[in-house]
2 protein chains.
Amino acid sequence: MESVAVVGGGVIGLSCAWRLAAAGHRVRLIDPAPARGASWVAGGMLAPLTESWPGEEAALDLGAAALERWPSFADELGFELRREGTLVLGVDSADTATLDVLADFLAARGREVDRLTGRAARALEPCLGPRVRSALSVPGDLAVDNRALLAALLRACDAVEFVAEQAVAVRPGRVEFAGHALDADVVVVTAGAHSRGLHPALTGVVRPVKGEILRLRARAGTLPPPSRTVRALVASRPVYLVPRADGELVLGATQHEVGYDTEVTAAGVRDLIADAEQVMPGIGEYALVETAAGLRAGSPDNVPVIGWLEPGVLAATGHHRNGLLLAPTTADAVVALVAGEPEPAATSPSRFAKGVR
Amino acid sequence: MESVAVVGGGVIGLSCAWRLAAAGHRVRLIDPAPARGASWVAGGMLAPLTESWPGEEAALDLGAAALERWPSFADELGFELRREGTLVLGVDSADTATLDVLADFLAARGREVDRLTGRAARALEPCLGPRVRSALSVPGDLAVDNRALLAALLRACDAVEFVAEQAVAVRPGRVEFAGHALDADVVVVTAGAHSRGLHPALTGVVRPVKGEILRLRARAGTLPPPSRTVRALVASRPVYLVPRADGELVLGATQHEVGYDTEVTAAGVRDLIADAEQVMPGIGEYALVETAAGLRAGSPDNVPVIGWLEPGVLAATGHHRNGLLLAPTTADAVVALVAGEPEPAATSPSRFAKGVR
């Protein structure tokens, strides 16, 4: 049994803290506001299949392994997954060509994927509009309500001690705050886009990637939301619509590399609504319940950074768009590393040791 | 000295309560959430000149009298008015023709108004874009920060007793709640769009007119907001941009007659942003800080309803788009009516006594 300090309480930090405590360690989770940040803003797609692309086989394999781990992880949490799958939609002929590439790639990797006409997609989801020209049905993708997931993780962390303070640096055996410090056998950096300020080895590695989402809700007289996750390309721009059990619909997809900026811009909101209306015309009459922005933790190769930064200091960050998806397998990996198991090369921080500024 | 119960704590109710208490009455203000509702959502224009139109001389005269009363009212409150005036902008030739009609009407009534080219308007307000073709400068209009005004009114009401309950009906000498009642010599209904449910004489008179606003804030690298209130016609659709001292910009103009509905719709937000961008292209990069909707109290002739509904029951409602503007003179009128002075015919509820359903 070790004392472990987990620095950062998003979905990665909470998952690591929960599993480390379940493995018998004494765990403290350090975050001035746990269960917020990018995890709170997320869409909730667990969608490695429809996120994949030729040349990104490593990311697909990582994601597919995480997808297989999710049902047992959710069971242990007492948490419901959405299993309706994903529809990927195209509006113009270039979008259709993109869908063909994705379908061929997934089929060649043995994944279930069905090509549909726009008409067949509308038969499945009557809220879709006439501009939808082509679609793929990918039943294997899952989805979660990110906020319900965070609540379940907080409940599962009953053996974890929460420290509501802002860490300013991590060192071997120590987490530093303004004016004092906290000791631990192992420190795990799970602070997402804010990780790079905590340890010098992450400075050139993790960067913030802003994403904006809207939360909408069907109103009296509007068509109900889709039952599946809908991902669309609208003149090559991606947009997603993720339904929630409570009748909400989360709309997202903007990506901006603009530093540590979590303000929602008027143009971001305008574009999200306009693009979503191309595939689901009735969405204009939905109530706009919330706008929010979060910072994903980008990495140079879009693969997360999981491993030792130096003895006593672990990182589990850089999950970019896949923090929710990769949370269960990341937690498993962190538990294994703390137990002394070897570090998988694909996600090791050592791959950036030279040449990355 | 009378005991007066004021039912409804928006800008009209708070102004009436303050002035009634100053006149020596014992005043109770009844509202479960004072200083909210439509007054909280308002843009803050005190703009009877640029709101006027041939045929609506009565409304212009009421508004102009209120505008003259505002400086002393603000002084007594210790409250700052914005005196930069209003620019009215047109984008297409029909908008320009509309501006010409307004300019002729104001000039004929002896009001100061200057016709400007789009170029001259941009010289005054550099944030305006090249699609602005014509403009009127109307220096006489004022503006207020509606939320600062509500805070000042709450402070001024230190001699008023606040009753944080939901009234369900008013009767002579009595305000009724679910299960109990409160006695008063005079009851004043100032509940805006909710007034019609409180007394049968208001049932066919006051109706809710929904308005949506956005609050935006300039960000690093964006052009600063205009210094004047900007009202624009974009392909005949009105939009207004009202600057605040703290760098915020309030954007509004939607009007929907959809009952008691205060949800903001996605299409309403999309249209407000798109229309505002036609006159101020940089607004897309502003932060979207808040979206909100409120219910104005419409009346059949767009003139407020101020007077006796029956002995002991006064109304001061139906102010539609002009609740902030008309608050000082409405409060003066209510104080005069409680003192026994005769009821001005133009705003009397008796004008609807026959023929209005």
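**Exercise 1. Polar contacts across the interface**

Task: in this predicted model, work out how many residue pairs are in polar contact between chain A and chain B, and which elements supply the chain A side.

Solution. Start with the count: 16 residue pairs are in polar contact between chain A and chain B, both residues being at pLDDT 80 or more. Next, look at what chain A puts there. The elements giving two or more residues to the side that touches chain B are β13 (207–217), α8 (266–279) and β17 (287–298) of chain A. The largest share, 6 residues, comes from α8(A). Finally, sort that side of chain A by residue type: 10 nonpolar, 3 polar and 8 charged.

**Exercise 2. How much area is buried?**

Task: find the area buried between chain A and chain B, and how many residues of each chain are in contact.

Solution. The size of an interface is often given as the accessible area lost when the parts come together. Here, the area buried between chain A and chain B is about 1,600 Å². Carbon and sulfur atoms give 51% of that area. As for residues, 21 of chain A are in contact with 21 of chain B.

**Exercise 3. Salt bridges between the chains**

Task: say how many salt bridges the rule finds across the interface of chain A and chain B, then take a couple of them apart.

Solution. Begin with the totals. The rule finds 8 salt bridges across the interface of chain A and chain B, and 44 over all chains.

Now pick B:Glu263, which pairs with A:Arg217; the closest N and O atoms are 2.5 Å apart. B:Glu263 sits in the loop between β16 (248–252) and α8 (266–279) of chain B, while A:Arg217 is in strand β13 of chain A, so this pair joins two chains. Check the exposure of each partner: B:Glu263 has 26% relative accessibility and counts as partly exposed, and A:Arg217, at 29%, counts as partly exposed too.

For another pair, try B:Arg270 and A:Glu277, a salt bridge with its closest N and O atoms 2.3 Å apart.

**Exercise 4. Bridges inside a chain, and a network**

Task: which parts of chain B does the salt bridge of B:Arg115 and B:Asp100 link?

Solution. First the distance: the side chains of B:Arg115 and B:Asp100 meet at 3.0 Å, N to O. Then place them: B:Arg115 is in strand β5 (residues 114–117) of chain B and B:Asp100 in helix α5 (residues 93–108) of chain B, so with their positions 15 residues apart, the pair links distant parts of the chain. B:Arg115 is partly exposed at 48% relative accessibility, and B:Asp100 is partly exposed at 31%.

Some bridges share partners: A:Lys210, A:Asp261, A:Glu263, B:Arg217 and B:Arg219 are joined in this way into one network.

**Exercise 5. A buried glutamate in β13**

Task: what is the nearest side chain of opposite charge to A:Glu212, and how far away is it?

Solution. Locate the residue first: A:Glu212 lies in strand β13 of chain A. The nearest side chain of opposite charge is A:Lys210, 4.0 Å away. A:Glu212 is buried and yet has no salt bridge. Look next for another polar partner: its side chain reaches the backbone nitrogen of A:Thr265 at 2.8 Å. Leaving out residues up to four places away in sequence, the residues that A:Glu212 touches include A:Leu251, A:His256, A:Val264, A:Leu272 and A:Ala292.

**Exercise 6. Is A:Glu176 buried or exposed?**

Task: decide the exposure of A:Glu176, then list its surroundings.

Solution. The cut-off for buried is under 20% relative accessible area. A:Glu176, at 18%, therefore counts as buried. A:Glu176 is found in strand β10 (residues 174–176) of chain A. Its side chain makes a polar contact of 2.2 Å with that of A:Arg174. Beyond neighbours within four places in sequence, A:Glu176 is in contact with A:Ala167, A:Val168, A:Ala169, A:Arg171 and A:Ala181. As for A:Ala121, 55 residues away along the chain, its C-alpha atom is separated from that of A:Glu176 by 53 Å.

**Exercise 7. A serine in a loop**

Task: where is B:Ser52, and which residues does B:Ser52 touch?

Solution. B:Ser52 is in the loop between α3 (48–51) and α4 (57–77) of chain B. With a relative accessible area of 5%, B:Ser52 is buried. A polar atom of its side chain lies 2.7 Å from the backbone oxygen of B:Leu49. Not counting residues up to four places away in sequence, B:Ser52 touches B:Leu60, B:Leu102, B:Phe105 and B:Leu106.

Note on methods:
Residues are numbered from 1 along each chain as its sequence is written. Chains are lettered from A and ligands numbered from 1 in the order in which they are written. This is a predicted model: local features need pLDDT of at least 70, side-chain atom pairs count only at pLDDT 80 or more; totals for chains, interfaces and linings use all residues. Side-chain values use heavy atoms; hydrogens and water are left out. Contact means heavy atoms within 4.5 Å. Buried area is the accessible area (1.4 Å probe) that two parts lose on being put together, summed over both. A polar contact is a pair of N or O atoms within 3.5 Å; within protein, one must be able to donate a hydrogen and the other to accept it, and residues adjacent in sequence count only if both atoms are side-chain atoms. Helices (H or I, at least four residues) and strands (E, at least two) are DSSP runs, numbered from the N terminus. Ala, Val, Leu, Ile, Met, Phe, Trp, Tyr, Cys and Pro count as nonpolar, Asp, Glu, Lys and Arg as charged, and the others, Gly among them, as polar. Buried means under 20% relative accessible area, exposed over 50%, partly exposed in between (1.4 Å probe, protein chains only). Lys and Arg count as positive and Asp and Glu as negative; His and the chain ends are not counted.
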